[in-house]
Each structure stands twice: as C-alpha cells, then as structure tokens.
Amino acid sequence: MDPHDRPLPATTPGGGTSPRRAPGTRGVLGVLAAALLLGACAGPAPAAPPPHPASAPVTAPLPVTASTPPGTLLVADSGADTVTFVDPARGPVAAVTVGRAPYGLALGADGRAWVATAQGVAVVDTRTRTRTRTALIAYRTATGPVTSGEYRGGGMGIALSPDGAHAYVGVNVPGTNGVLEVLDTAKGEVTATVPVGRRPFDVDVARDGSEVYVTGHDSFDVTVVTADTLRPRRIEVAPYGTGGGLGSWLKPHYTAVRPADGKLLLPFEGERLAVVDPRTGRTTVEPMTADTHQHGVTVTPDGRLLVVGTGAVDPADGEGPSLTVRSPDGSERVIGLDGPHEDVAVSRDGTTAYVTGGFTRDGHWNGITVVGLATGEARRLPAGSRPLGIAVL
C-alpha cells in the first residue's frame, strides 16, 4: 500500500513507469516488480516526508473512572503500543497500552474493544479506560518475531459476530498464507483456526452472522468462511487480473458489506468497484471516478459507501488523496484530502467521517481528518501515533 503527503512515485521496482490506463502494461510491470518486492502495493518506498511528532499529546485527560462520552473515537496507534481515545472536537484524551503495533479494532455492544496487535488480541474496557489492556489473547499461529510495520506478523483485520460471542481476527504470517483465528469472547481464548489468503488486511461479518469474509491483500481474494462449520471458500477478486503477483499495486485492500443485499464491495484505483456475491462467487465491476489508489472503506446504514484514496500510483496520470462518498445509485462525490490516509469511520448520525492518517507505508501523519459529509469541509485533528483502525464509541 502507500502514498504520502505528496503523490506516489511513478516508478515500479523494475524501474519503469506505471501507466494507470493500460491494464496490460500494468501487468507486465507488475511481473518485474514481483521479482524485487514481496509485499503490498508495488513501487519503491517513497522518500521520507518532513518529520512528524512521534505522537499527538494527550490533552486534558478525562478522569479514568468517568464514563466515556458517546461519539468519542478510538484509534489503533500502529506506530506505538497503544490505542488512543480522541474527542472529535479537542483531540486525544486518554491512551491505553495494548501491545506492539496495533492494526485493526472492533467494538462490542458491551463496551469492550478487541484490538489486533502483533502480540495477540488485546481487550480494552472503553467505559473505564484503564491504563492498560484487561487481557491479551495470544495467537495459536506462530508469526515470527514481534515487530512493527506494514509487513509484520500478527493480527490485521478483526471483526465481531453480531451477538458478540466471537471475535474473528486475520493473522498475517510473513512469507506465506494467513489464517483466521476464532476467539470465544466469553472464555477469552482462541477456539479455532482457518486457512485464508495472504496478508488478511480486513475481516468482515455478514449482517446475520452466518459468514465471515477475509480479504487477502496479497492473494487477490476474499475467503468466505461459514460461521458454523468454519469451512473456507476462496473467491478471486482481481478486476485488473493478477499479473505482477506480489509486486502488483492492483490488489484488494478493504471490504464493505452492502446493507441492502449482503454483497461485498471492494474498490480499486478509484476506477473500478468490484461487487462480489459471496453466495455465488460472481463478481461484477462498476465504474468509479476518484482516479486514485484506494484503501479503507466503510458503509453507512443508508447504503452510502465511503472510500479512502491515498494518492495516484503515477502522479502524471491520476489524482491525489481523497474521500469518495458513493450513493446507492452509483453517483459519487469526491472530497480532496491533505496527504495520504488509511481507514474511515462514520459518526452515528451519518453526518461526519473520520479518516485516519496512519497509512500503512511512509507518508503517514499522526492524526485524523474530520470531514463534514454534507459540506465536504475538512479539518485536521491530532490523534495518537500513526493511527490505522478506528471506531466510534
């Protein structure tokens, strides 16, 4: 994955340009890239941006014993070992130690947050904000040394079943396929593991809890796991093809489940939206308009799809960072953002989007962009250290 506070470089690891309008050319360049890059979006790591603060300071902390106000944001500080509570008007108000390099997080109706870290799944009581996690559930799967960064082993995407009885975490195993680990939230332990695709960026659950969807970034797929039998079924999602393999930029990142029909929505490059029917495995492709490399997604109850754009793969042929707001009828409004971002959440009333600036490659910044969806007005808010995953409490 990538961008920066400036556009992405136009060269691939093979040294050529990456024209975005010629899928055949992209495929050839991706093959060259794969020879030199084992990872996410192709392209060399961009030059380092101007330095940012190590993390945003916590301002006027709320009393630890106080109830957390509704609407408070919780972000995973991938550049640290904490999650940060953020007042959407003032900035950070408290931080809780969870474990090395947290990535995704999921919030339960009981106020517990489940955080995928490099060390295990941390449990945080968001109501009391104790200074450290209340539990750390180790993975069953060996993932190698505990490290940080985009390619680290350990948990990535995470989601809860609708009844809160199970947490599902996608565990990255560097150099090979990942696994889905199933946690019993009452017992606080892993009860099953399921093989899935490579680097499981995102995990989502069907509205009725019957299926779990694991987005395999480096394997161009979504693994559909039946919740009762835990049987996996792979669906390839590659609207540009799979040319370039590991070195390709044109891979899936995050998935949203469409409320109207349960189909899966996966954006690519601000050009194509893959709409996957998890029952049949069939994919249809709809046009998109942002013309930018896309990462995080969420969907509102009324069916609007929000997609984070990180910047053009080739600055000579593409647009900068943005937030796309796509209506159920397919019409889109593209709101420009200042610098790359990674993930997005929406306020409970559906009026405001919160876009994290953590970003999985170089170019991140320590904050959130708050976007008014009616006006498109945006403002920056400090928030932790390289925030990735985000939830609204």
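This briefing covers two open sheets and their strand pairing.

The model is predicted: local features need pLDDT of at least 70, side-chain atom pairs count only at pLDDT 80 or more, and totals for chains, interfaces and linings use all residues. Residues are numbered from 1 along each chain as its sequence is written, and side-chain values use heavy atoms, with hydrogens and water left out.

Strands here are DSSP runs (E, at least two residues), numbered from the N terminus. Two strands pair if DSSP finds at least two bridges between them.

**Sheet with strands 8 to 11**
- This open sheet has 4 strands, ordered 8-9-10-11, and its pairing is antiparallel.
- Strand 8 (154–160) and strand 11 (189–195) are the edges, and each pairs on one side only.
- From one strand to the next, the twist averages 25 degrees. Strand axes are lines fitted to C-alpha atoms, and angles run from 0 to 180 degrees between N-to-C directions.
- Strand 9 (residues 166–172) and strand 10 (residues 179–184) run antiparallel and are joined by 6 bridges.
- Y168 has V182, in strand 10, as its bridge partner.

**Sheet with strands 24 to 27**
- Here 4 strands make an open sheet in the order 24-25-26-27, again with antiparallel pairing.
- Its edge strands are strand 24 (344–346) and strand 27 (378–382), each pairing on one side only.
- On average, neighbouring strands of this sheet are turned by 25 degrees against each other, direction ignored.
- Strand 24 is joined to strand 25 (residues 352–356) by 3 bridges, and the two run antiparallel.
- Opposite V346 stands A353, in strand 25.
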